[in-house]
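Please work through the following exercises on a protein model with a bound ligand. Each task is followed by a solution in steps.

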Amino acid sequence: MQNNHLLKGKKVLITGASSGIGRSTALALAQMGCDILVTSRRHSELEKLALECQALGARIEISAGDLNNPSYVEELALKAGDVDILINSAGVLTYAPILEMTAKECMDMFNTNVLATFALTSEIARSMVKRKSGHIVMITSTAAREVYKLGGVYCATKHALSAITRSLRLELQGSGIRVTEIAPGMVDTPIRDTSNHPAVLAAIKARTIKALTPQEVAQSVVYAIQTDFNCCSDLIELRPRGAA
Ligand SMILES: NC(=O)c1ccc[n+]([C@@H]2O[C@H](COP(=O)([O-])OP(=O)(O)OC[C@H]3O[C@@H](n4cnc5c(N)ncnc54)[C@H](OP(=O)(O)O)[C@@H]3O)[C@@H](O)[C@H]2O)c1
C-alpha cells in the first residue's frame, strides 16, 4: 500500500535523473506529490523530464552539471538546501576484461560511482545532521556483493559504494537520518551502451534473462522512503526472476 500523504511536499534531490532508474524515480515521486530537484549533465534531457513531471502536477527544478566537478557539487548542495531525501542514482559502467581496461575507464567509474557520490552525500548529510532528519538512498547493485567476469572494476566501485553506505548508516545511528541501499540486478537502461568490447557484446547477446525495468527499481525506492519513520529499509536487493 502506498502512503502518498507521507511523501506529499517532501523535497527530494535525485542524481542521474536524465535516464534510466533516476528518471523513472523522478516520475514516480512526481506522482506522489514530492517537490523534486533533478540533476545530470544533459540539460535537454532534464528539460524533457521536467515537462513530464509538471504534467503530473509536480513542482520540479532542474540543475545540469557534472558531479565530478567539486564546485558543481557545492553549488548543487547549496541549491538543495534543506532537502528531505537524497537519491543517488548517477553512475557509469564500462565492461571489459581487467587487463584490457584503460586507466581512464577505471578512473571514470571510480570518480563517478564512488568519489562524486561520496562528495555530494557528505555535503547533504551534514545539513541533514544539523536538522536531525533526512533519508539518503544509494543505488548500488548486486555487483556490490558479487564479482563476475568482464565487470571487475564496476563491481569494485559498487563494493566501495556499499561499504560507504553501510558505514554511513552506522555513524548516523541515532541522528534521525535513515540510509537505504537499493541493489538491483540487471536493469534495462542505456548504461551498457558504452561497453563495446567484443567479449562483452557476445555476453550481452547470450543473456536469456529478462532485465528488470527502471520503473520496478523506482517502485522499490518509493517503498523505502515512504515507510513509517520507525521503519528503516536498510537494504533492498532486486533481481530479475530466475537470476541467481
Ligand atoms: N542498469 C543496470 O543494470 C543497473 C543495475 C544495478 C545498479 N545500477 C546503478 O543504477 C544507477 C543508475 O543507472 P541506470 O541503469 O539508470 O543508468 P543510465 O540510464 O545510464 O543513467 C545514469 C545516469 O547517471 C548520470 N551521470 C553519469 N555520469 C554523470 C556525471 N559525471 N555527473 C552527473 N550525472 C552523471 C547520467 O546522466 P548524464 O549522462 O545526463 O550526465 C544518467 O542520468 C547507477 O548507479 C548504476 O550503477 C544499474
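The exercises below concern a predicted model.

**Exercise 1. The sheet**

Task: Determine the order in which the strands are arranged in the sheet, and identify which are the edge strands.

Solution.
Step 1. The sheet is open and consists of 7 strands, whose order is 3-2-1-4-5-6-7. Their pairing is parallel.
Step 2. An edge strand pairs on one side only, and this holds for strand 3 (59-64) and strand 7 (235-238).
Step 3. On average, neighbouring strands are turned by 15° against each other, direction ignored.
Step 4. Two pairings can be examined individually. Strand 1 (residues 11-15) is joined to strand 2 in the parallel sense by 5 bridges, and in strand 2 the bridge partner of K11 is D35. Strand 6 (residues 177-184) runs parallel to strand 7, with 4 bridges between them; here A183 has E237 of strand 7 as its bridge partner.

**Exercise 2. Helices on the sheet**

Task: State which strands helix 3 and helix 8 lie against, and at what angles.

Solution.
Step 1. Helix 3 (residues 43-55) lies across strand 2 (35-40) and strand 3, and it runs at about 175° to strand 3.
Step 2. Helix 8 (residues 214-226) packs on the sheet and touches strand 4 (85-88), strand 5 (134-139), strand 6 and strand 7. The direction of helix 8 makes about 160° with that of strand 6.
Step 3. Strand 2 is largely enclosed by the rest of the structure, because 5 of its 6 residues are buried.

**Exercise 3. A helix pair**

Task: Describe the packing of helix 4 against helix 5 by distance, angle and handedness, and classify the residues in contact.

Solution.
Step 1. Two packed helices are described by the distance and the angle between their axes.
Step 2. For helix 4 (residues 70-80) and helix 5 (residues 103-131), the axes come within 9 Å and cross at roughly 35°.
Step 3. The crossing is right-handed.
Step 4. Helix 4 contributes P70, V73, E74, L76, A77 and A80 to the contact, while helix 5 contributes A116, A119, L120, E123 and I124.
Step 5. Sorted by class, these comprise 9 nonpolar, no polar and 2 charged residues.

**Exercise 4. The ligand shell and G16**

Task: Characterise the residues around the ligand, then the setting of G16.

Solution.
Step 1. The ligand is surrounded by 29 residues, of which the closest are G16, S19, G20, R41 and G91.
Step 2. The shell has 13 nonpolar, 12 polar and 4 charged residues. Helix 2 (residues 20-31) gives the most to it, with 3 residues.
Step 3. G16 lies in the loop between strand 1 and helix 2. It counts as buried because it has 27 C-beta neighbours inside 10 Å.
Step 4. Leaving aside neighbours within four places in sequence, G16 is in contact with G22, S40, S89, A90 and G91.
Step 5. G16 and A183 are 167 residues apart in sequence, and their C-alpha atoms are 16 Å apart in space.

**Exercise 5. Two positive phi angles**

Task: For K132 and L150, give phi and location, and decide whether each residue is buried or exposed.

Solution.
Step 1. Although not a glycine, K132 has a positive phi of about 55°. K132 is found in the loop between helix 5 and strand 5.
Step 2. L150, also not a glycine, has a positive phi of about 75°. L150 is placed in the loop between strand 5 and helix 6 (152-171).
Step 3. The cut-offs are 20 or more other C-beta atoms within 10 Å for buried and 12 or fewer for exposed. K132 has 10 and is therefore exposed, whereas L150 has 21 and is therefore buried.

Key:
Residues numbered from 1 in each chain as written. Predicted model: local features only at pLDDT ≥ 70, side-chain atom pairs only at ≥ 80, totals over all residues. Axes fitted to C-alpha atoms, helices over the stretch in contact; angles between N-to-C directions. Left-handed = near helix turned anticlockwise from the far one by under 90°. Contact = placed C-beta atoms within 7 Å. Nonpolar A, V, L, I, M, F, W, Y, C, P; charged D, E, K, R; others polar. Near = placed C-beta within 6 Å. Pairing = 2+ DSSP bridges.
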